[in-house]
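Student: I have a model open and would like to talk through how its helix packing and its empty spaces get their labels. Could you go through the reasoning with me?

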Amino acid sequence: MQGSSGHLVVVVGAGPAALYATGKLAEKGHTVLLLNRDIKPGGLAEYGIYLSKHKMKEGLRKQFRQILASPRVIYFGGVQVGDAGAIRLSELQDLKPSAIVVGAGAQGTKSLGVPGDDGSHVYHAKDLVYHYNLLPPFSRKEFPMGNRVAVIGIGNVMADIANYLVTIRKVPEVLVVARRGPVERKYDDREMRPIAWHIDKEALQAELERVRPRLEPLGQDMDVQFKELTKDSHVEPKAGRGPTKIKFRFLASPKRIVRDETGRMVGMEVEENTLEERRGQLSAKGLGETTILPVDTVVFAIGDVVDLDLGLTPVKGGWGYTTNPNPDPQDAAAAGYQAYDPQAEQLLDGVFVIGWSRNASDGVVGKARLDGEKGAAVVSRYLSQRPGLSRREIYHRIGSIYRRVCEKAAPVVHKGLWRILERIEREEAGKRGLEEFKFATNEEMVQSIQETVKTRSDRAG
Ligand SMILES: Cc1cc2nc3c(=O)[nH]c(=O)nc-3n(C[C@H](O)[C@H](O)[C@H](O)COP(=O)(O)OP(=O)(O)OC[C@H]3O[C@@H](n4cnc5c(N)ncnc54)[C@H](O)[C@@H]3O)c2cc1C
């Protein structure tokens with residue numbers, strides 16, 4: 001292992017971007033302190049990737065364990081950074097680590113802001129994803145579903161939500177609502193394959209006939225699209241056949257959630273769209289005609305935005321935190337990772353952003369990894385021009401951060417305790433004959449850790 005660089009980097013978050021960045025930073029000899037909102041590391045790899053992808057999740061956990069095993073890496077789980085958290089970003093800056101890297105993902109929810117979307121039975125995909133993946137406190141929230149659930153959006157997250165609605169909630173109907181047409185769908189066919197058997201072919205044929213006059217003049221062949229969309233519909237669902245029919249509504253933009261006098265949702269009004277070419281891309285253009293779709297639940301799967309409370313300024317639209325608009329000609333690639341304060345019109349010296357905090361909802365784990373590792377290289381270049389700290393100074397700063405966060409985050413789950421938790425959950429899964437077992441609340445996690453620690457110390461003493 002390379003000798004110590006004399007630098008302490010505080011990394012906010014422990015999702016894929018933060019963890020892969022940590023791996024590279026530790027390799028360079030930097031001491032890394034991870035402050036993670038969730039007790040367990042992994043971010044969306046732990047709490048986002050679909051339930052049935054056990055192999056993929058376990059493969060990622062294995063890599064994350066290796067990164068966290070480095071003696072240069074210190075982990076504090078259960079510590080949220082930000083105005084509502086255990087420590088503010090500005091307080092962290094005051095405690096003078098050599099650099100701060102924000103890899104906190106995109107924790108805000110994106111809404112279309114249509115009238116009625118703040119009432120019951122309207123959900124954001126990420127909240128639901130966190131719920132079924134058992135992330136506290138979403139694990140214990142209720143998400144009542146009606147019989148006809150509209151999922152807005154047509155990307156991979158829609159496919160996961162549809163999978164959950166088909167396989168676990170077994171709702172009678174899922175209606176996928178897309179602004180544009182079938183050609184512009186964003187999901188990867190592999191993600192729909194497990195539930196393609198549930199696509200209602202008759203309804204799909206009728207829907208493609210409905211939009212044919214608007215799309216065929218653009219050279220889009222609806223017969224080809226039918227074949228494409230149903231090519232896996234013969235695949236027997238591994239989870240068994242259920243009652244759900246999956247339908248599609250193309251060229252539709254939500255305008256209003258329609259509720260009766262009691263506030264119950266009775267439909268969603270959508271505007272009909274056509275497609276027009278803008279800057280080499282087909283964009284949706286409203287036609288002014290509206291239709292009410294008879295749905296009783298709506299899930300928005302249209303991407304996420306960054307958290308407003310973290311202490312960094314989001315770009316317009318919330319698709320990431322603001323980064324340096326004035327790149328150094330000697331190191332232009334670094335600018336995209338350097339946090340910037342647009343009010344003060346200056347760089348936040350020593351603060352960097354990576355992963356979905358930089359580009360919300362952008363790509364899969366591989367992309368977050370690449371971004372984290374590129375960001376780590378930028379941070380290492382920055383640190384190579386700064387004086388280092390003594391070992392004593394590094395541990396003094398870590399101690400100060402620990403004391404500060406302990407005042408508000410109770411209790412902080414460090415690496416050793418997280419390992420105990422992993423073991424308890426693994427044993428519990430074995431006992432119950434499950435692929436995996438997760439405690440659904442932070443209290444249960446902490447209690448089970450404390451009981452194990454106590455049993456061990458009773459035995460030892
Ligand atoms: C529903 C869904 C399904 C997906 N399925 C797949 C898939 O099958 N395969 C695949 O490769 N990719 C998948 N992805 C994409 C993948 O999960 C992301 O690319 C990746 O997780 C982004 O990494 P990140 O580290 O930037 O953010 P995240 O994974 O979101 O990690 C953010 C981390 O920051 C922490 N945090 C948040 N706020 C704070 C704070 N204020 N203070 C301290 N810590 C904080 C969180 O606890 C978390 O640990 C999926 C994404 C979603 C939403």
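Tutor: Gladly; we will take two helix pairs and then the empty spaces, keeping in mind that this is a predicted model.

Student: Why are α1 and α3 called oblique to each other?

Tutor: Start with the angle: the axes of α1 (residues 16-27) and α3 (residues 54-68) cross at roughly 45 degrees and come within 9 Å. Roughly parallel needs an angle under 35 degrees, and roughly perpendicular needs 65 to 115. Roughly 45 degrees fits neither range, so the pair counts as oblique. The crossing of α1 past α3 is left-handed.

Student: Which residues make that contact?

Tutor: On α1 they are Pro16, Leu19, Tyr20, Thr22 and Gly23, and on α3 they are Leu60, Gln63, Phe64, Ile67 and Leu68.

Student: How do the residues in the contact of α1 with α3 divide by class?

Tutor: Seven are nonpolar, three are polar and none is charged. Gly counts as polar here, so Gly23 of α1 goes into that class.

Student: What makes α3 and α12 roughly antiparallel?

Tutor: Again, set the angle against the cut-off. The axes of α3 and α12 (residues 415-432) cross at roughly 155 degrees and come within 12 Å. Angles over 145 count as roughly antiparallel, so this pair gets that label. Here too, α3 passes α12 in a left-handed crossing.

Student: And which residues meet there, and of what classes?

Tutor: Arg61, Arg65 and Leu68 of α3 meet Lys415, Trp418, Arg419, Glu422 and Arg426 of α12. That contact has six charged residues, two nonpolar and no polar ones.

Student: Now the empty spaces. What makes a space a cavity and not a pocket?

Tutor: The test is escape: in a cavity a 1.4 Å probe fits but cannot get out, whereas a pocket is open. One cavity of 30 Å³ or more turns up in the whole structure. The largest cavity has a volume of about 70 Å³, which means that it passes that cut-off.

Student: What lines the largest cavity?

Tutor: Its lining includes Arg185, Tyr187, Asp189, Met192 and Glu228. α7 (189-192) and α9 (222-229) are the elements that give two or more residues to it. By class, the lining has five nonpolar, six charged and no polar residues.

Student: Which element gives the most to the lining of the second largest pocket?

Tutor: That is α6, with four residues. The second largest pocket holds about 610 Å³ of space. Of its 23 lining residues, Ser52, Asn163, Pro194, Lys238 and Ala239 are closest to the centre.

Notes:
Residues are numbered from 1 along each chain as its sequence is written. This is a predicted model: local features need pLDDT of at least 70, side-chain atom pairs count only at pLDDT 80 or more; totals for chains, interfaces and linings use all residues. Side-chain values use heavy atoms; hydrogens and water are left out. On a 1 Å grid over the protein atoms alone, a cavity is a set of points where a 1.4 Å probe fits but cannot get out, and a pocket is an open set with protein on both sides within 12 Å along at least five of seven lines; lining residues have an atom within 4 Å of a point. Axes are lines fitted to C-alpha atoms, for helices over the stretch in contact, and angles run from 0 to 180 degrees between N-to-C directions. A crossing is left-handed if the near helix is turned anticlockwise from the far one by less than a right angle, and right-handed if clockwise. Contact means heavy atoms within 4.5 Å.
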